[in-house]
Number of protein chains: 2
Amino acid sequence: MAVYTEVSDDDLDAFIAQYDIGTLESCKGIAEGVENSNFLLTTDRGPYILTLYEKRVNPDDLPFFLGLTEHLSANGFPCPLPVKARDGVALRELCGRPAAIISFLKGMWPRKISLSHCAQLGTALAKMHQAADGFTLTRANALSVSGWRPLFDLARDRADEVLPGLAAEIAAELDYLEAHWPTDLPHGVIHADVFPDNVFFLHDTLSGVIDFYFACNDLLAYDLAICLNAWCFEGDKTFNATKARLMINGYLKQRPMSDAELEALPLLCRGSAMRFLLTRLYDWLNTPSTAMVTRKDPLEYLHKLRFHRATPGPGAYGLG
Amino acid sequence: MAVYTEVSDDDLDAFIAQYDIGTLESCKGIAEGVENSNFLLTTDRGPYILTLYEKRVNPDDLPFFLGLTEHLSANGFPCPLPVKARDGVALRELCGRPAAIISFLKGMWPRKISLSHCAQLGTALAKMHQAADGFTLTRANALSVSGWRPLFDLARDRADEVLPGLAAEIAAELDYLEAHWPTDLPHGVIHADVFPDNVFFLHDTLSGVIDFYFACNDLLAYDLAICLNAWCFEGDKTFNATKARLMINGYLKQRPMSDAELEALPLLCRGSAMRFLLTRLYDWLNTPSTAMVTRKDPLEYLHKLRFHRATPGPGAYGLG
């Protein structure tokens, strides 16, 4: 469920009146996303997305997120854009929450991941990294290596409720990751949450990327590692090295990576798996079972972490 | 949450290919409704609704529901219509469920009920009753007076968990309703679920009625009684007789009611309150707290029932 805030007719009419987007014809809550309330508006000019930012988003970060999509779009990267109201301001308030109207991106996220999806995503990710170049705002990645141990500390005592031995395994892995995490690889703005439901395809061609609400400054190759974890494991938990190879090669076609970046990939994939393992573990232990949000299985990411830990080098990802 | 079934890209593409509705550009799950899975499709020709009928809908009833909207529309009543595929068939199957593409009705349901909404609804309800005339399929109302006691029997033992004394109060009320329920009033096809979220307004003008999945043959005035309960109580549980008067007069302007119908209104309102009290009570006792459906408060309808029970006659509804 992704509608946490009910917007009244009067509030909506007054909000829309601030924009030059035509006459409102409908407004329906969208059952996607878990962080914010999203509505599909239609006006006589077409569809728009209305987003109300709920409590998990820090309002101070919104200028970064919205500015980034404007910067990416200006540099030719396809993503939804905040629509400015008549006064030139895009970020407003509705029902006591920060709110914005966002342009509608055609396409659908892929429920079944094909080889072509992976290849196209690799190239698009590299294009996004290049298109973000020159964006002047910065945002630290609170969910990178330095953020993992504090998060683990909040879940450590109860981790073994999910799987006996889990706390010890995470602790040992954190020791390793903190000791070996690279700092001298190319960095820039990354999306940091490129899961399939954030990438749209229209007639099998990638039409754009959405949901930049985890975007931050970090190692570029770490973004690729997140994608490898999110896109290249099959439902039976096996790793599809063909998908990985196509994704990495798609990336390399657009942005060459240094040998150091490629060699760091298994470590970055372990780190990425740790990041999602920890946030899912925390949510699992702290989401009441009555909540309307589906809890995601933390152990899915433990399996991924173990796979990468056993990986001798980038060759396991199909690289020659 | 109103998306119970996840539709894969391939399944959706194959489904849409059966229709002449243009090229699919997006598909988003809608967070409204509780019975079915609803998606907002957009194609290069505009928006459509895709509905997958989930287990609470009896597939045998679908020809009645879909045929009724076609009949109403042909007689000038605004409601969404099933779209026929190229082979002329509207009711199909997707992901193992009955499924249909429905035309998109502009407008939004009112979050705040105004006097004008009530007046317009009264007239529209009467128009709907007239437009349904001549529809040849019939469907019994399983949730009318004869269905209440069996439903109560399923909830009786635990009713007092919700409110001490509730079981006895319902039992006494059922005795009264069964003994006095009218049978000789004008009947026809009724919507039977005209709550505010099923009535759309576009720029303050009623643009249509949706969700005919409880429609059935029953007393026409009972449909008005359902509306009085659903639209004329305020958030503080008080009954707004001005709204009721405007709604009833709006109805009468379009379809005159007999004296017997008007005099039966308090009784029909008690019955309507009983119907929603019982279904909500059953759902309350049988919906696990982990379910993604918000349980509706049965006691809201107990208060409404008590109001109508204390009502001396239709004068309480603002009738002169």
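Q: Which domains does the domain assignment give for chain A, and where does domain 2 lie?
A: We're looking at a predicted model here. Chain A is split by the assignment into domain 1, covering 9-103, and a second part. That second part, domain 2 of chain A, is 115-317.

Q: What separates the centres of domain 1 of chain A and domain 2 of chain A?
A: Take the C-alpha atoms of each domain and find the two centres. For domain 1 of chain A and domain 2 of chain A, the separation comes out at 27 Å.

Q: Which residues in domain 1 of chain A lose the most area to domain 2 of chain A?
A: Start with the interface as a whole: about 1,800 Å² is buried between the two domains, and carbon and sulfur atoms give 75% of that. On the domain 1 side, three residues together make up 35% of what is buried. They are Phe64(A), Phe65(A) and Phe77(A).

Q: How many salt bridges does the rule find across the interface of domain 1 of chain A and domain 2 of chain A?
A: The side chains of Arg56(A) and Asp283(A) meet in a salt bridge, with N to O at 3.5 Å. That fits the rule, because its cut-off is 4 Å. For the whole interface between the two domains, the rule's count is two.

Q: How many residue pairs are in polar contact between domain 1 of chain A and domain 2 of chain A, and which helix gives the largest share of the domain 1 side?
A: The polar contact count between these domains is nine residue pairs. On the domain 1 side that touches domain 2, 10 residues come from one helix, spanning residues 62-74. That's helix H2 of chain A.

Methods: Residues numbered from 1 in each chain as written. Chains lettered and ligands numbered in written order. Predicted model: local features only at pLDDT ≥ 70, side-chain atom pairs only at ≥ 80, totals over all residues. Heavy atoms only, no water. Domains from an automatic or database assignment. Buried area = accessible area lost by both parts, 1.4 Å probe. Polar contact = N/O pair within 3.5 Å; in protein donor to acceptor, adjacent residues only side chain to side chain. Helix = DSSP H or I, 4+ residues; strand = E, 2+ residues; numbered from the N terminus.
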